[in-house]
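Please open the model in a viewer and keep the sequence panel at hand. The tour below proceeds by selections, each followed by a description of what is found there.

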Amino acid sequence: MSRDTFESWENLVKKQLKTEDIYTILKKENLEGIDVKPFYDSFKKPMVNLPRVEESTHLVATYHETLEDDVFAFLLNENVENLTEKTIFINNKDLAEHISPADEDEYFSLIDVFDENNLTIDDQLVKELLAKSFRRNICVDISLHQNAGASIVQQLGIALAKTKELIEVYGAEILNKILFRLAVGANYFFEMAKIRAFKLVFNQLTKEYGLDDIPYIFAETSLRNKSVSDSENNLIRSTLELAAAMIGGADAVFSINYQIANNTENSEEISFKQQIVLAYESIINVFEDASNGSYYIEDITQQIAEKSWQFFIDIEETGGYLDTLKQGIIQKKIYDHAVEEQRWIQEGRIKLIGVNLYPKLEIKKSVEELYDAQKVKAVRWAEMFE
């Protein structure tokens with residue numbers, strides 16, 4: 001863009017905002033350390049298309065017999081007999097250990113093989129899962145970290161560190177057996193960029209082993225920004241999260257129940273129908289890397305990728321994921337970010353409609369009551385007010 005064109009655009013923004021000080025007004029702070037420009041006229045390096053593993057994003061429903069004829073992909077918490085020609089995501093450890101799918105079945109494990117409490121890899125579980133004819137046998141789960149308040153950069157860095165730990169124990173051939181389970185949060189464009197950035201850094205990791213792989217990403221809606229008293233608001237939030245996941249290029253999406261304290265069969269069905277509306281009325285689940293070419297998304301994707309890779313390197317230099325966990329370093333880093341994020345909620349700098357804005361509820365729990373510097377645990381922002 002020429003200087004004259006840039007100045008013309010800048011003047012147009014000033015006219016629309018009726019001020020010369022557009023940069024103060026348009027500059028928006030974030031806790032990720034990402035530099036967001038007031039407006040974009042270019043980006044440093046155009047990206048190639050970032051593909052999915054799947055041809056289109058799978059829409060995943062919690063299994064219910066009434067859905068069996070209409071739904072293609074199910075999340076299974078218990079065994080179901082004679083469920084054929086479906087894509088199945090196993091969400092129960094005992095079931096994952098004992099189920100033996102037929103050759104024509106397509107099964108995925110959602111069971112994290114890292115024992116975060118005992119700070120080990122569950123070697124027996126890994127070996128049992130690798131012996132099964134699943135499409136993706138091993139789950140690296142970072143949904144807990146998002147729901148615990150980890151930054152996007154921390155989430156992706158931890159995903160890489162957990163992957164590196166698995167490679168060191170089981171070899172690089174495990175890379176194409178891994179599924180990454182992540183939670184999609186409230187920052188719409190940042191979450192699109194998170195998924196895209198992870199594809200970049202994962203591919204960079206695989207190249208160190210002579211491969212050129214892309215990650216299989218199972219994305220679910222976040223618990224962190226949901227409240228007990230505002231189910232309808234939860235529904236809107238999770239719809240945006242699902243859209244971000246599809247546009248970002250997730251291979252499968254799943255909606256947690258939008259009614260946090262009162263799950264019903266009806267609310268479970270509505271949660272899944274969010275995906276149906278997005279997929280069949282906007283068809284955003286079929287486009288490959290739909291946000292490619294957006295100056296804004298490209299720029300923050302590259303920034304997140306660079307920062308995530310550096311966070312991963314920092315973990316490796318400290319001894320790797322498990323050693324860093326044993327030292328309490330990762331827990332403390334997540335704690336520090338989560339507490340700062342909660343303070344932004346408390347101050348209204350992050351807006352949560354019906355909780356800290358329209359109406360503003362009284363604070364009932366302190367930050368210290370909600371968080372533990374020595375433990376990674378899920379905490380909803382709204383718990384402070386409930």
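A residue is called buried under 20% relative accessible area, exposed over 50%, and partly exposed in between. The model on display is predicted.

**First stop: a salt bridge between distant parts of the chain**

Select R135 and E106. The two side chains form a salt bridge, with their closest N and O atoms 3.0 Å apart. This pair links distant parts of the chain, as R135 belongs to the loop between α4 and β7 whereas E106 is in strand β4 (residues 106-109), 29 residues apart. R135 has a relative accessibility of 31% and therefore counts as partly exposed. E106, at 21%, is likewise partly exposed.

**Second stop: a lysine in the α4-β7 loop**

Next, select K132, which is located in the loop between α4 (123-130) and β7 (138-141). Is this residue buried or exposed? K132 is buried, yet has no salt bridge. The nearest side chain of opposite charge belongs to E128, 6.6 Å away; a salt bridge would require a side-chain nitrogen within 4 Å of a carboxyl oxygen. To display the surroundings of K132, add A96, E97, H98, I99, S100 and N137, which are its contacts once neighbours within four places in sequence are left aside.

**Third stop: a pair within helix α12**

Move to helix α12 (residues 329-347) and select K332 and D336. Their salt bridge has its closest N and O atoms 2.9 Å apart. Because K332 and D336 are four residues apart in this helix, about one helical turn separates them. K332 counts as partly exposed at 39% relative accessibility, and D336 counts as partly exposed at 38%.

**Fourth stop: R380 and E386**

Select R380 together with E386. The salt bridge between them brings the closest N and O atoms to 2.8 Å. Which partner is buried, and which is partly exposed? R380 is buried, at 10% relative accessibility, while E386 is partly exposed, with a relative accessible area of 31%. Elsewhere, select E29, E347 and R349: salt bridges that share partners join these residues into one network. In total, the structure holds 22 salt bridges.

**Last stop: a nonpolar surface patch**

Finally, select I283, V286 and F287 and switch to a surface representation. Together these residues make a nonpolar surface patch of about 260 Å². F287 lies in the loop between α9 (265-282) and α10 (295-317). With a relative accessible area of 42%, F287 is partly exposed.

Technical notes:
Residues are numbered from 1 along each chain as its sequence is written. This is a predicted model: local features need pLDDT of at least 70, side-chain atom pairs count only at pLDDT 80 or more; totals for chains, interfaces and linings use all residues. Side-chain values use heavy atoms; hydrogens and water are left out. Patches are made of residues with over 30% relative accessible area and no salt bridge: like charges are joined within 9 Å, nonpolar side chains (Val, Leu, Ile, Met, Phe, Trp, Tyr) within 5 Å. Accessible areas come from the Shrake-Rupley method with a 1.4 Å probe; for residues, only the protein chains shown count as cover. Helices (H or I, at least four residues) and strands (E, at least two) are DSSP runs, numbered from the N terminus. Buried means under 20% relative accessible area, exposed over 50%, partly exposed in between (1.4 Å probe, protein chains only). Lys and Arg count as positive and Asp and Glu as negative; His and the chain ends are not counted. Contact means heavy atoms within 4.5 Å.
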